[in-house]
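Please open the structure in your viewer and keep the selection tool at hand. The tour goes from the chain as a whole to its enclosed spaces, and then to single residues.

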Amino acid sequence: MSVVVAGVGMIPFAKPGRSETYDRMGAEAVRRALADAGVSLADIRQAYAGYVYADSAAGQTAIYGVGETGIPIVNVNNYCASGSTALWLARQAVESGAVDCALAVGFEQMAPGAIGTVFPDRPDSLHRFAAARQRRGAYPDVPPAALYFGEAGAVYAAAYDMDPAVFALVAVKSRRHAAANPYAVFRDPLTVDEVLASPHIHGPLTRLQCCPPTCGAAAAVLCTPAFAAAHGIDASVRIRAQAMTSDRPDSFEGDARALVGATIARRAADAVYAETGVDPLDIPVAEVHDCFTTNEVLAYEALRLTPDGTAEQFIRDGDNTYGGRVVVNPSGGLLSKGHPLGATGLAQCAELVWQLRGAAGARQVDGARLALQHNIGLGSACVVTLYERLDAAS
């Protein structure tokens, strides 16, 4: 059974210290998704809440801001893939027939600066990644995420003799797309020179090639086609397939690219393509997890949007933007829209639903009927989702 995306909602993302508290943000995203679907919280049978930096039962705290209906509320903490994990669980609940309508919400109230360790008195959830990284030499004094993704970009550039400055083109494209997105934090244009002149972080990465800590929230209402018909809901946008993966030994035995999820992303994408028979070259729009410019480049190939080793030409030819083969991150992506960890996956969902409805305004990708979403969190989890627009009567 296909699953209808009945409604989506998100709030404008903000820099830390300039947002509401997580519970207010989450509640507002839920209200917007419910209004978009034309249903009430009383129609929801299960809810899943994704976040990273909040206490247990924060999902209840946020949803209770809309109402208290006694439904099961499941809290999900899966690092940067928390929002898409909540979506994955809600989709499973509907697809299995357990419920006919479910809610997924993601939110994050972040602090300024790079992500750090919260519980130093116990094993770090990334200790296997740290051990694999340590085998390649001493740690430089840089934030862990920038270390992993910077080295992955350096390995890619060396493997295919790519000028590392090409990564900067991704940041320029990201800002150009975000200029038309009222939900994005950074909308001012950038030049390649400005990107490269910003402070160096690690490997090919400069500051303007790293996503900012961000606060925000987004939500989605999912339902069965029968529920949609009974409630007068537009059932034209559906989740056609979805796959979620975690690490195998090859994540830790391969090079820096495998360590940041390129391998698990490919497995998730391949599972989606195998289930649907969709050719990745037929996908016109995608939201991918560009926490760093290097990861967007890795994602092009992991998702088979371009063959291995061809990302440089793909970028230089403009095949990742309007007028090219696939518009990647029309929202501006994490680099420009921002990355409130738990909200990111559901913000990607909202953007792609708007695209398939033809409701994305100046960001609209003309005629899009398929859309691909890629959300990854180290630790690890990768969720790849394929959305499809059908005729309303289907």
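Begin with the whole chain in view, in a model that is predicted. Among contacts between residues at least 6 apart in sequence, 77% join residues at least 24 apart. Colour the chain by secondary structure, and 15 helices and twelve strands should appear. If you turn the C-alpha trace along its principal axes, it spans about 55 × 50 × 40 Å. The radius of gyration is 20 Å, which agrees with the value near 21 Å that a compact globule of 394 residues would have. Of the 394 residues, 57% count as buried, while the chain exposes about 14700 Å², of which carbon and sulfur atoms supply 51%.

**First stop: the second largest pocket**

Select Tyr156, Tyr160, Asp255, Arg257, Ala258, Ala262, Thr263, Arg266, Leu298, Glu301, Ala302 and Asp308, which together line the second largest pocket. The elements that give two or more residues to this lining are α10 (256-259), α11 (262-276) and α12 (293-302). About 230 Å³ of space lies in this pocket, and its lining has six nonpolar, one polar and five charged residues.

Keep Ala258 selected and add Ser251, a residue of helix α9 (residues 249-253). Leaving aside neighbours within four places in sequence, Ser251 is in contact with Ala258, Leu259 and Ile264. Is Ser251 buried or exposed? Ser251 has a relative accessible area of 1%, and because that is under 20% it counts as buried.

**Second stop: the cavities**

Rolling a probe the size of a water molecule over the atoms shows where empty space is left. The count comes to two cavities of 30 Å³ or more.

For the largest cavity, select Val260, Gly261, Ala262, Ala265, Asn295, Leu298, Ala299, Ala302, His374 and Ile376, the residues that line it. The elements that give two or more residues to this lining are α11, α12 and β11 (370-377), and α12 gives the most, with four residues. About 50 Å³ of space lies in this cavity, and by class its lining has seven nonpolar, three polar and no charged residues. Ala262, Leu298 and Ala302, which are among the residues lining this cavity, are also among those lining the second largest pocket.

Now move to Leu41, Ile63, Tyr64, Gly67, Glu68, Thr69, Gly70, Ile71 and Ile73, which line the second largest cavity. About 30 Å³ of space lies there, and the residues of the lining divide into five nonpolar, three polar and one charged.

**Third stop: backbone details**

Most residues other than glycine have a negative phi, and most peptide bonds are trans. With that in mind, select Ala57, in the loop between β2 (46-50) and α2 (58-63), where phi is near 70 degrees, a positive value in a residue other than glycine. At 30% relative accessibility, Ala57 counts as partly exposed.

Continue to Tyr79, which lies in the loop between β3 (73-76) and α3 (82-95). The phi of Tyr79 is near 50 degrees, again a positive value in a residue other than glycine, and Tyr79 is partly exposed, with a relative accessible area of 22%.

Then show the backbone from Gly379 to Ser380, where the peptide bond is cis, with omega near 5 degrees. Ser380 is found in the loop between β11 and β12 (381-389), so that β11, the strand met at the largest cavity, leads towards this place by way of the loop.

**Last stop: Phe13**

Finish by selecting Phe13, in the loop between β1 (3-10) and α1 (22-37). What is the relative accessible area of Phe13? The value is 6%, and Phe13 is therefore buried, the cut-off being under 20%.

To see what surrounds this side of the loop, show the residues that Phe13 touches, not counting those up to four places away in sequence: Tyr183, Val185, Thr214, Cys215, Gly216, Ala217, Lys337, Gly338, Pro340, Ala343 and Ala347. As a last step, place a distance marker between the C-alpha atoms of Phe13 and Phe107, which are 94 residues apart along the chain and are separated by 10 Å.

Technical notes. Residues numbered from 1 in each chain as written. Predicted model: local features only at pLDDT ≥ 70, side-chain atom pairs only at ≥ 80, totals over all residues. Heavy atoms only, no water. Buried < 20%, exposed > 50% of the residue type's maximum accessible area, 1.4 Å probe, protein only. Contact = heavy atoms within 4.5 Å. 1 Å grid on protein atoms, 1.4 Å probe; cavity = no way out; pocket = protein on both sides within 12 Å on 5 of 7 lines; lining within 4 Å. Points joined across faces, edges and corners; volume = space filled by probe spheres on them. Nonpolar A, V, L, I, M, F, W, Y, C, P; charged D, E, K, R; others polar. Rg over C-alpha atoms; globule rule 2.2 N^0.38 Å. Areas by Shrake-Rupley, 256 points an atom, 1.4 Å probe, with all protein chains shown as cover.
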